[in-house]
Amino acid sequence: MAMLLGIPRKCLESKLLRRLALPVAWASVAVVIEVSHLTKAYGAFYAVNDVSFQVGKGEVVGFLGPNGAGKSTTLRILAGFLGMTSGKVVIAGHDIAEDSFEARRQLGYMPEAVPLYGEMRVIEYLKFRAELKGVPRRERRARVEQAMAEARVDDLAETLIHKLSKGYKQRVGLADALVARPPILILDEPTAGLDPNQIREVRELIRGLGERHTILLSTHILPEVEATCGRAVVIARGKVVGEGTLEELRSRRRSSRARLLLRPAEGAEIGTLRTWIEKNFSVRSVNVSEQEGLWGCEVQWEKKVEDPGAALEELVRGLVGAGYGVREATPAKATLDEVFAQLTDDTAKLEDGVEGGAG
Amino acid sequence: MRGFWPVYKRELFAMFVTPLAWVIIVVFLVIQGLHFSLLLGHFARQPDVVADHGPVQAFFGGTIFLYLPLLILCPGLTMRAFAEERRSGTIETLMTAPVSTTGLVLAKWLAAVTTYVAMWAPTVLYMAVIRKTGDLDWNVVGTGYLGVFGVGCSYLALGTLMSAMTRSQLMALVLGMLVTVGLFVIGIGEMVLDDGWARDFCSYVSVWSQMDDFSKGIVDLRRIAFDTTMTALPLFATVRIVDAWRWG
């Protein structure tokens, strides 16, 4: 890839590679989706650029990225709708380039726009899909009914699809993905365009499905990942920029913060406290404000601080030594939103820098 | 061929549930009904009728009324095939199911052929009407139908190909008509050109002379070879185009 992109991008690569070398908790689990060095190019534009990740059996993985990051393209390739430019994808042991039929048989795929045949009734559509996916005739009826029950559209079986609301269409799409009982579900933005109630329902549904299926779902909404997924793969500009469990991702914040609630020492002033902390501890910024007779103090550690916990301990010891009473000390965890912004933003900055350097 | 049967059934379902098939069949039968009654009127005024130039021959390709509806209605039967799937995005769910491209293309084309046959079926009654007034050689009628079946297969295959080339049904219809009308016009060359290779070529392509043969009970293998080619080639091209979408 470095050859394709030109040498200056090597530095970017090495950084990405270091990021990928995370402790992997899923190493012992059977891998059912294996994507290695997947690239999809449209002329000179790389929609997906050297993406590699794995999904273990039974996992619910969020495929996270801003709009236009290459999520849908990647999922379409996985589902067998698009061909790849280079790379390799193995679904449940079947290479999608060589054994496309078997790979497709293992998948239930719900495209982003949930395209359906409006002129069919829900039950007709699902029967058609079941037959298309090779469900034997004698099992078809039971499977369709079960899928409708699971996606909670059983009371709409006789309704024409074009009369359904967006939320119900989404559920019919989900029932379609489920109808052949595939071990793997790939859902492209399953909650896009739904109202908050419907979003909650669909998430509950996905959580329920996660008990029996391996699920890879894409989204650009972070709470979705927190609500449904055990692990996330973050993609930006066609590249994987972060991967890991939610905890791992959170712990990857570069700067961390801490909040303290202090009883002021006698004769102390807010200004002197701030300069004292700035002088004696490795902090980037300090913010002290008065809160009902106590002082709220917010510090942000310097970048070089490797263990924020130890730094906080040191700060508390120092404050107590100086006569302050420490009522509360809370290390602030970066929200996933911050991590996400940081990860996706980093790539942008890096690439800009590289391009500037090359030019 | 995996996935052929369910797609074929759904295609017929869609064709008859959206009234497209019904509209086309009604238009076709109204035109053919008029055509047939005009012919009957014409032959009724004739003192005697030559054996190989009777109403059956006239009906199967003696007049423009057979070709005009086919040139327009055949692309109408196939315009939905792929264009609609791509416009609505359902092609994505269709192609991510374990189906083969060949099965998909054949299912769509055969559904159109089935509708085409259903469209012609009521015209057997016209033959029954002729039968009442005189002799009727059912073998000749059979070759007449074989002729229109061959023409239909090739026009519908061409229409399927055109439908795979655009996302718009209207565009698919227009392209399909351009091709069928184009072939028809080349066939007219047989009547206007002087003897020579150009005239032979036009005669080979001409749907007029094809139907002229079939309506007289002549089954020429060259005609059948032509129809088969004009069916197989477009269908093969369609399979390749549909496969190529994955790489677009």
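In this predicted model, 39% of the 359 residues of chain A count as buried. For chain B, buried residues make up 40% of its 248 residues. Here are the two chains side by side.

| Chain | Residues | Buried | Helices | Strands | Contacts joining residues at least 24 apart, among those at least 6 apart |
|---|---|---|---|---|---|
| A | 359 residues | 39% | 13 helices | 14 strands | 68% |
| B | 248 residues | 40% | 13 helices | 0 strands | 79% |

**A covered helix in chain A**

Let's zoom in on chain A. How many of the residues of helix α3 (residues 71-79) are buried? The count is 9 of 9, so this helix is mostly covered by the definition of burial used here, which asks for 20 or more other C-beta atoms within 10 Å. If you want to find them in the structure, look for A:K71, A:S72, A:T73, A:T74, A:L75, A:R76, A:I77, A:L78 and A:A79. Right after α3(A) comes A:G80, and its phi is positive, near 90 degrees.

**The build of chain B**

Now over to chain B, where you'll find 13 helices and 0 strands. Walk along the sequence and the pattern reads α-α-α-α-α-α-α-α-α-α-α-α-α. What radius of gyration would a compact globule with 248 residues have? It would be near 18 Å, and chain B has 19 Å, which agrees. Along its principal axes, the C-alpha trace of chain B spans about 65 × 45 × 30 Å.

**Two helices that meet**

Chain B also gives us a pair of helices to look at. Two packed helices are described by the angle between their axes and the distance between the axes. In chain B, the axes of helix α9 (residues 138-164) and helix α13 (residues 221-245) come within 8 Å and cross at roughly 20 degrees. Are these two roughly parallel or roughly antiparallel? Angles under 35 degrees count as roughly parallel, and α9(B) and α13(B) are therefore roughly parallel to each other. The crossing of α9(B) past α13(B) is left-handed.

Which residues make the contact? On the α9(B) side they are B:G150, B:V151, B:C153, B:S154, B:A157, B:L158, B:T160, B:L161 and B:A164. On the α13(B) side, they include B:R223, B:I224, B:D227, B:M230, B:T231 and B:P234. Others from α13(B), among them B:L235, B:A237, B:T238, B:I241 and B:V242, take part too. Sorted by class, the contact has 13 nonpolar, 5 polar and 2 charged residues.

Definitions and conventions
Residues numbered from 1 in each chain as written. Chains lettered and ligands numbered in written order. Predicted model: local features only at pLDDT ≥ 70, side-chain atom pairs only at ≥ 80, totals over all residues. Helix = DSSP H or I, 4+ residues; strand = E, 2+ residues; numbered from the N terminus. Rg over C-alpha atoms; globule rule 2.2 N^0.38 Å. Buried ≥ 20, exposed ≤ 12 C-beta atoms within 10 Å, placed from the backbone. Contact = placed C-beta atoms within 7 Å. Axes fitted to C-alpha atoms, helices over the stretch in contact; angles between N-to-C directions. Parallel < 35°, antiparallel > 145°, perpendicular 65-115°, else oblique. Left-handed = near helix turned anticlockwise from the far one by under 90°. Nonpolar A, V, L, I, M, F, W, Y, C, P; charged D, E, K, R; others polar.
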